[in-house]
Every structure is written in C-alpha cells, then in structure tokens.
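Reader: I would like to learn how to read backbone angles, burial and strand pairing from a model. Could we work through some cases together?

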Amino acid sequence: MERRVQGDNTKKIIWLIIWFSVFLMGADGGDLNGEERGKLLKQQKQLSTRIETLKREQEFLVFQRTMYASDSKYIIINSSAKTGRLKYKNRVLKDFHIKLVSGRASRLTRGALTLTQKIEGAKGSKLLVFNKSLVLQGKNAPSAKIEAGMPRFSLSKKDFRSVYYAIEPGAKVYIIF
Amino acid sequence: MDEGQLMKKMRCEGRGTRDKGREIATTSCPSRSIIRYLSMAALPLRLRVSAVVPFYMVLLFSLSWAGDTSQPVPIEKLRSDVQSLQGQAAQLDEENKGLRNMLRDMGDDELYLVVDTESNRLEMRQGKTIVLTAKVGTGSRQFVKEDRGRSWYFESPMGSLTVLGRERNPVWIRPDWSYVEENMPIPPRNDPDRFVPDVLGKFAILLGNGYKIHGTKWKNLLGTHFTHGCVSLGDDDLEIVYKSVKNGTKVYIY
C-alpha cells in the first residue's frame, strides 16, 4: 500500500516537472527584447512588402521609359479596372474597356508580354495572342482553339478592329492590376 | 486466442489486477511499457524517487535551454536586416522618383490629334484630356488604275505626322487621278481647270505630301472611308481644330 502511494507521488512529481518545463519554455518569448523583436519583425514584414511594391513600380516605370524611346505602339491593360490604353510614346491613342470572356484572370501575371500572333479566322474572326498568356478579341468573336485556361478579354468590335490593325507582332502589352 | 492471451489483453486494457497487470504490461502492452520504462520501474522505490526527479529536472531544463538556442534570428541580426531593408527601400524610392521625373520631362502637355482610321474618329487630346471627338472621313482603300499603267491606292498616311502649315479658304488643285477616276482627259499641269475653290471647306491643315485635314461637301459620308487619303471633317469641328493646332502640332494616324 505504502509502495503504491509513493509510486503515485513519483508520477505526480514527474508531471509537475513536465508542466514546469513547458511553462519555462513558454516564458522563453517573454525576454527583455521581446517587445523590440516584435516591432522589428513587423517592420521587416512591412519593409519587404514596400520593397516589392517599389520594385513593381520601377519595372513599370522602366517599361514606360523604354516605350517612350521606341517607335512602336503598345498597350497597357489594367485588369482590375477592366480598361486598356493604346499608346504611342508618351501619347494616348485610344482608351477602351475590356471584359473577361473565358479563362482565369488569376493566370495573368503583372508585367510585359509580347504580341506573338495575329490570328485571322475563316469567318473574319480576329485574335491577338500574347505569349500564350493573354488573348484579346472582339465582342462575340467565334471561339478559336487556344490553350485552355488562357485569359481571354474582349473589346467592343470597333475598338478591337482599331487595336488589331494598330499593332504588329512584337508589340508589347503591359499588365497592371 | 487461448485463456492466457485473453487475460493479457484484458489486463493491458486496465481490466486485470494491478500487480499482475504490471508484470504482463512490461512484456506485451506498449503504452504501459513506455510509462514503466520512463518512471524507471525496475529501480528500487527509494532510488527511483531520488534518481527520477533530478534526472527529469536536468533533462527538461536542458530542453528549455535547447529551445533558447533554436530562436529564429538573434535580435542584432534582426536590427541589421531591418536597417538594410530600410536602405534598400530608400534607394528604390529615390530611383523611382528619378524615373518619374524623367518620364515627366519626356512627356508634355501639348495638344495633339489622333486619327483612328478603323473607326473614322478624330480625337484632339491635351495631356490625358480629350478636348474634342469628331467623325472623320479617311482614305477609301480603293485602287484607281490608268490605261497607261499608273495606279493609285487611296489610303490615309499612317504614323506620326506633324502640322506643317494651315490655310484659310483652301483651293483644291485637282491631281491626275481625279481625271482618271472620272474618265476625263488629263489637262496640263497649270491648266485653270485644275484649280477648284470651295470643295475643301473653309480651312485646311497641311500634313505634307499633299495630305491635309480639311472640310468636305459630303458630310453624310463622315464616319466612313471615302476620301482619297486626306482626313475630312465637318465644318464646326474643322474650325475648332484649325484654331487649336499650330505648326509643329503632332498628328497620329493609325
């Protein structure tokens, strides 16, 4: 009987030690530098986000600087505002609206793409294909076989005809969100 | 399962007698075996009490210290990282400011004209503002061929052009294709028949190589491709554009 009571006490002591250690481990974060560490970690995260934003902005600014010096028309697409802008150097030639008709807009990545294909279908349907990443077409254009899931935006028929004939393969489009 | 094995199972599940259970569990019940092993059940009771407590104290404090050493980043490194990021952000900010200024200098707030030959629209823009939108007539995209072999294709000139001059009450000097088009004999170069007033409207804006922005008698055709390459405008729009542009104003036709 006595042995059993003592054995139980041993177990109680072991459990107490375990809990005490766990408590000590938990107290580990509460050192004197804890508050500063928290602030620094938060600051580090904020700065990293800001640097990413600044890098993206810089990429777009560099793109614009390049296009100002180029003799080629280019397009800027704002996928969240659903607008597009045809530009030549620093001048706006045309503003237009876009609408996602198929594919996933989430597949679009911010940055520059190149017009790789101008497709003119048998029934007069026309497509502009950028780097297997984006398709522009006129409203109600018949569907053509293009890679599944590729985001496809439509413009009004008039706007699309203007854009289609304004740019040639090699022309750039820049996607912003 | 014989009777002995059944008893072992029951005891392991806590239904056997304690003393026998202990004996059996050390050999066949894994969970109980681990507890017996950790509590050093094989040792005499006194030795167990005096040995187990210090042993686990040392072990768990060691673990606590080990926890300390696995801290993700020392605070000094964190401070220097943040400082470095601040520097990087400041540098990028400065570079972007420079680029923005450069783009602003490269840009301007000058007035310019844009002619869309697909939709037959003219826009007069200043900076990002559209000052005027108007229907225009542009090149008919048709061929005219002469018996002698000469041919003409009537398309508006594409690209970046510049206003080279402006005229009031312009006179149209009929070119050869105009006679070919109407199956008429082509008169000599300075024949008075070639000089036709009142067909180009009140104003003309010269773009070079004989191309102009001017008025038209065929106002119902504005918004279509019907000209011989010039850009035709309605009277009111023409007057506004004429008064707004000056020599050097850029005209983008696409």
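Reader: Is Lys132(A) buried or exposed?

Author: The general idea is to count neighbours: a residue is exposed if 12 or fewer other C-beta atoms lie within 10 Å of its own, and buried if there are 20 or more. In this predicted model, Lys132(A) has 12 other C-beta atoms within 10 Å, and therefore counts as exposed. Lys132(A) sits in the loop between β6 and β7 of chain A, and its phi is positive, about 55°, although the residue is not a glycine.

Reader: Which other residue is placed in the loop between β6 and β7 of chain A, and how should its exposure be read?

Author: Asn131(A) is found in that loop, and because it has 13 C-beta neighbours inside 10 Å, it counts as partly exposed. Its phi is near 50°, which is again a positive value in a residue other than glycine.

Reader: How many residues lie between β6(A) and β7(A) in their hairpin, and in which sense do the two strands pair?

Author: The hairpin formed by β6(A) and β7(A) has 3 residues between the strands, with Asn131(A) in the turn. The pairing of β6(A) with strand β7, residues 134-138 of chain A, is antiparallel and extends over 4 bridges, and within it Leu128(A) stands opposite Leu136(A) of β7(A).

Reader: What should I expect of side chains along a strand, and how many residues of strand β6 are buried?

Author: In a regular strand the side chains alternate between the two faces of the sheet. Strand β6, residues 126-130 of chain A, is mostly covered, since 4 of its 5 residues are buried.

Reader: Which strand pairs with β6(A) over 5 bridges, and what is found in the turn of their hairpin?

Author: That partner is strand β5, residues 111-120 of chain A, which pairs with β6(A) in the antiparallel sense over 5 bridges. One facing pair is Glu120(A) with Lys126(A) in β6(A). The hairpin of β5(A) and β6(A) leaves 5 residues between the strands, and Gly124(A) in its turn has a positive phi of about 85°.

Reader: Where is Lys89(A) in the hairpin of β2(A) and β3(A)?

Author: Lys89(A) is in the turn of that hairpin, where 2 residues lie between the strands, and it has a positive phi of about 50°. Strand β2 (residues 83-88) and strand β3 (residues 91-97) of chain A run antiparallel and are joined by 6 bridges, and the bridge partner of Leu86(A) in β3(A) is Lys94(A).

Reader: Which residues does Asp159(A) touch, leaving aside those up to four places away in sequence?

Author: Contact is judged by C-beta distance, and on that basis Asp159(A) touches Lys94(A) and Phe96(A), once residues up to four places away in sequence are set aside. Asp159(A) belongs to helix α3 (residues 157-166) of chain A, and it counts as buried because it has 23 C-beta neighbours inside 10 Å. The C-alpha atoms of Asp159(A) and Gln44(A) are separated by 46 Å, with their positions 115 residues apart along the chain.

Reader: Is Asp8(A) buried or exposed, and how far is it from Arg104(A)?

Author: Asp8(A), in helix α1 (residues 2-27) of chain A, counts as exposed because it has 10 C-beta neighbours inside 10 Å. From C-alpha to C-alpha, Asp8(A) and Arg104(A) are 64 Å apart in space, and 96 residues apart in sequence.

How values were computed: Residues numbered from 1 in each chain as written. Chains lettered and ligands numbered in written order. Predicted model: local features only at pLDDT ≥ 70, side-chain atom pairs only at ≥ 80, totals over all residues. Pairing = 2+ DSSP bridges. Contact = placed C-beta atoms within 7 Å.
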